[in-house]
Amino acid sequence: MRTITAEEIAQAAADIYGEINYRLNPRVAALIEKAFESERDQAARETLSVILKNAEIAAEGNYPLCQDNGFPLVWVEAGNEVLIEGILQDSLDKAFARSTAQHFLRASVVADPLSRRNSGDNTPVFLHLSQGKGDKVKISVMAKGAGTENATVLRMMRPSVTDQELIDFIVETVSQKGPEACPPLVLGIGLGGTTDLALGLSKKALFRTGSSRDSSAAGLGALEQKILAEVNKLGIGAMGWGGDTTALDVRIEVSPTHIATMPAALSFSCHSLRFGEEEL
Amino acid sequence: MMNLNFPLGNEEAAALTAGQRVTVTGVILGARDAAHRLMAQSLEKGEGLPFDPAGQLIYYVGPSPLRPGNIIGSAGPTTAMRMDSFTPQLLSRGVKATMGKGRRGPEVVEACRRHKAVYLGTVGGAAAYLAQFITGARVAAFPELGTEALWEITVKDFPAVVMIDAEGNIFP
């Protein structure tokens, strides 16, 4: 049995949150650079180059990538041989409040959705805690902005849905919601599960952006590529002003589900997807 | 590239065409959801606006906190569509331009046409880059709203593109 304190996990997560708000993930930067190289529309090339310039300026450490430092989203998977000492939510809230202040990040969370009273310190942290196997603690952090969050869609499709119907749903939704989510986009898709699990998977899928890691299910790579190609045919382009690259990447995660349901969730990320992972 | 000096005259606004790339210079207002709601409530009560709207530009922004030595935090646009319901009455009072990101609904397109005003789009998520075009910033009203206060922002050569022109033409 291995013991780790809630503070240690929380500090590691909060440090990632601070870092990802200033330093664009190299995998994401590589996708934007590739889009810039292949872009035929002059105005879109200009916009993509502004996005890359933005990342350069932010990396100097004085201005975060975006004024919306996003929901503080944290996934912690603690192995079954790990004992966490302390209350993880409390430690995360303290560590993220500190990190938000230290990194001059905006307090972007309201304590109450009806009164809209700002919580003042960018907390609470939105934590998903799960149990894995072994003695490690896996931490995944994402700074997800409201522009992308507001574009999220869940559709309850028929169990007999075809691949083409799924593709059509994604393409239609990107057409309706994509331009306001700061394209070029990254699309995270969750299929199956319960409704809330599908939505969670659609966010989690974004962590594989630009990586060679396959989905939890074999054979989805081809569907991911097909959706990417179809979405890019829309020609929405950078910031929705027209262009070859509307989406940088598409990632799908699947889960067992009920015989009579096929939840399909689509989460968007903007061009400067901010995420980081660490294993303790 | 055409540079727009704010406050902007009617002829200059009317001469812009959808898709045209411009730069923005002068003193503009920054406001988003909460400030718009307060201003709408004031107008409903018959009170005025906390700024002179004539020829003005409202930039939909809620900047990140100010680092000592800087002028403003990161200051990119927020999604304009959320302010759609508040916009027609602001345009009717003389606001000549709004600036944000993303598309807007038909009521705003119609209001731009009716009041000879424009909507400008700028690069969302390029908040660090755009802060470099800001030469001054102060809270003008509603300080209790923090980042969502009404800001008075001085800009020089701030890049944008005309997304709705004064005839109601839309780009793209």
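Me: What makes a stretch of chain B a helix or a strand, and how many of each are there?
Reply: Helices are DSSP runs of H or I with at least four residues, strands are runs of E with at least two, and both are numbered from the N terminus. By that rule chain B has five helices and seven strands. Their order along the sequence is β-α-β-α-β-α-β-α-β-α-β-β. This is a predicted model: local features need pLDDT of at least 70, side-chain atom pairs count only at pLDDT 80 or more, and totals for chains, interfaces and linings use all residues. Residues are numbered from 1 along each chain as its sequence is written, chains are lettered from A and ligands numbered from 1 in the order written, and side-chain values use heavy atoms, without hydrogens and water.

Me: Why is chain B called as compact as a globular protein of its length?
Reply: The radius of gyration is taken over C-alpha atoms, and the globule rule is 2.2 Å times the number of residues to the power 0.38. For 172 residues the rule gives 16 Å; chain B has 15 Å, which is close, so it counts as that compact.

Me: Which residues of α2(A) are buried?
Reply: Buried means under 20% relative accessible area and exposed over 50%, with partly exposed in between (1.4 Å probe, protein chains only). Val28(A), Ala29(A), Leu31(A), Ile32(A) and Ala35(A) are the buried ones. They lie on the same side of α2(A), because they cover an arc of only 160° around the axis. That arc is taken from the directions from the helix axis to the C-beta atoms. The face turned away carries exposed Pro26(A), Lys34(A) and Glu37(A).
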